[in-house]
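Visitor: I have a structure to go through with you. Shall we take it one question at a time?

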Amino acid sequence: MKETGKVIQATEKTATVQLTRRSACGGNCASCGVCPYQTTEMTLANTLGARPGDTVGIELNTNKVYQAAFLVYILPLVCFFFAYFLCSYFCTPENFCILAGLLAAAACFLIIRHWSKKKTKNYMPHMERIL
């Protein structure tokens with residue numbers, strides 16, 4: 001994924017970049033009127049020596065985006081259903097199966113959160129170039 005943004009604040013080590021979010025309708029918001037352009041800010045490592053006012057290209061590996069989405073959305077759901085069906089296989093009450101599924105999903109979230117604190121650097125966007 002490649003984006004462009006404007007540096008609004010910079011130090012030797014970090015830079016705060018303002019990005020304009022892309023719309024779901026491809027930028028033709030007049031046709032749907034639902035998604036106004038919104039800006040967001042992110043702090044990145046200033047590896048290129050960017051200064052305030054510079055426009056920079058930002059890149060995040062698309063595979064990492066899909067991997068992160070899988071970890072956050074799909075894996076806890078899989079854990080929920082696995083625990084639910086495992087409990088229902090042993091003929092336990094349905095309320096207990098639902099509770100087991102919720103606990104499994106919560107445990108999965110906690111494990112992902114703990115793991116992500118160690119691997120955050122791999123999932124961070126980086127400055128590619130100054131435009």
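Visitor: Which residue forms a salt bridge with R129?
Guide: This is a predicted model. The closest N and O atoms of the pair are 3.9 Å apart. A salt bridge needs a side-chain nitrogen of Lys or Arg within 4 Å of a carboxyl oxygen of Asp or Glu, so the contact qualifies. The partner of R129 is E128.

Visitor: Which other side chain meets E128 in a salt bridge?
Guide: Here the N to O distance is 3.7 Å. The two residues lie in strand β1 (residues 2-10) and strand β5 (residues 126-130), so the bridge ties together parts that are 126 residues apart in sequence. The side chain that meets E128 is K2.

Visitor: How many salt bridges does the count come to?
Guide: K2, E128 and R129 are linked in a network. One bridge of the network joins K2 and E128. Another joins R129 and E128. The count comes to two.

Visitor: Is E128 buried, partly exposed or exposed?
Guide: Its relative accessible area is 29%. Buried means under 20% and exposed means over 50%, so a value in between gets the middle class. E128 is partly exposed.

Visitor: Which residue of β4 is the bridge partner of K2?
Guide: β1 runs antiparallel to strand β4 (residues 55-59). Five bridges join the two strands. In β4, K2 has as its partner E59.

Visitor: And which residue of β5 is the bridge partner of E59?
Guide: β4 also runs antiparallel to β5. Four bridges join them. The β5 partner of E59 is H126.

Visitor: How far apart in space are T4 and T55, C-alpha to C-alpha?
Guide: T4 sits in strand β1. T4 is partly exposed, at 47% relative accessible area. In sequence, T4 and T55 are 51 residues apart. In space, their C-alpha atoms are separated by 6.8 Å.

Visitor: Which residue of β3 stands opposite L19?
Guide: Start from β1, which pairs in the antiparallel sense with strand β2 (residues 14-20) over five bridges. These two form a hairpin with three residues between them. In β2, L19 is the bridge partner of G5. Seven bridges join β2 to strand β3 (residues 39-45), again antiparallel, and there L19 faces T40.

Visitor: In what order do the elements of the protein chain run?
Guide: There are three helices and five strands. The order is read from the N terminus on. It is β-β-α-β-β-α-α-β.

Visitor: How far apart are the end C-alpha atoms of α2?
Guide: Helix α2 covers residues 62-89. At 1.5 Å a residue, its 28 residues should span 40 Å. The computed distance agrees, at 39 Å.

Visitor: At which residue does α2 bend?
Guide: The bend is about 35°. The residue in question is one of the buried residues of α2, a list that also includes P76, F80 and Y84. The bend is at L71.

Visitor: How far is L71 from S116, C-alpha to C-alpha?
Guide: S116 is found in helix α3. It counts as partly exposed, at 29% relative accessibility. The two residues are 45 residues apart along the chain. Their C-alpha atoms are separated by 9.9 Å.

Visitor: Which residue takes a positive phi just after α2?
Guide: α2 covers residues 62-89. The phi angle is about 60°. The residue is C91.

Visitor: Which helix gives the most to the nonpolar patch?
Guide: The patch lies on the surface and consists of F70, V72, Y73, I74, V78 and F109. Together these residues have about 580 Å² of accessible area. F109 is found in helix α3 (residues 94-119). Five residues of the patch come from the leading contributor, α2.

Visitor: Is F109 buried, partly exposed or exposed?
Guide: Its relative accessibility is 42%. Patches take residues with over 30% relative accessible area, so this value passes. Exposed would need over 50%, so the middle class applies. F109 is partly exposed.

Visitor: What share of the protein chain counts as buried?
Guide: The chain has 131 residues. Buried means under 20% relative accessible area. The share is 24%.

Terms used:
Residues numbered from 1 in each chain as written. Predicted model: local features only at pLDDT ≥ 70, side-chain atom pairs only at ≥ 80, totals over all residues. Heavy atoms only, no water. Patch = residues over 30% accessible without salt bridge, like charges linked within 9 Å, V, L, I, M, F, W, Y side chains within 5 Å. Areas by Shrake-Rupley, 256 points an atom, 1.4 Å probe, with all protein chains shown as cover. Buried < 20%, exposed > 50% of the residue type's maximum accessible area, 1.4 Å probe, protein only. Expected span 1.5 Å × (residues − 1). Bend = angle between axes of the 7 residues up to and from the residue. Pairing = 2+ DSSP bridges.
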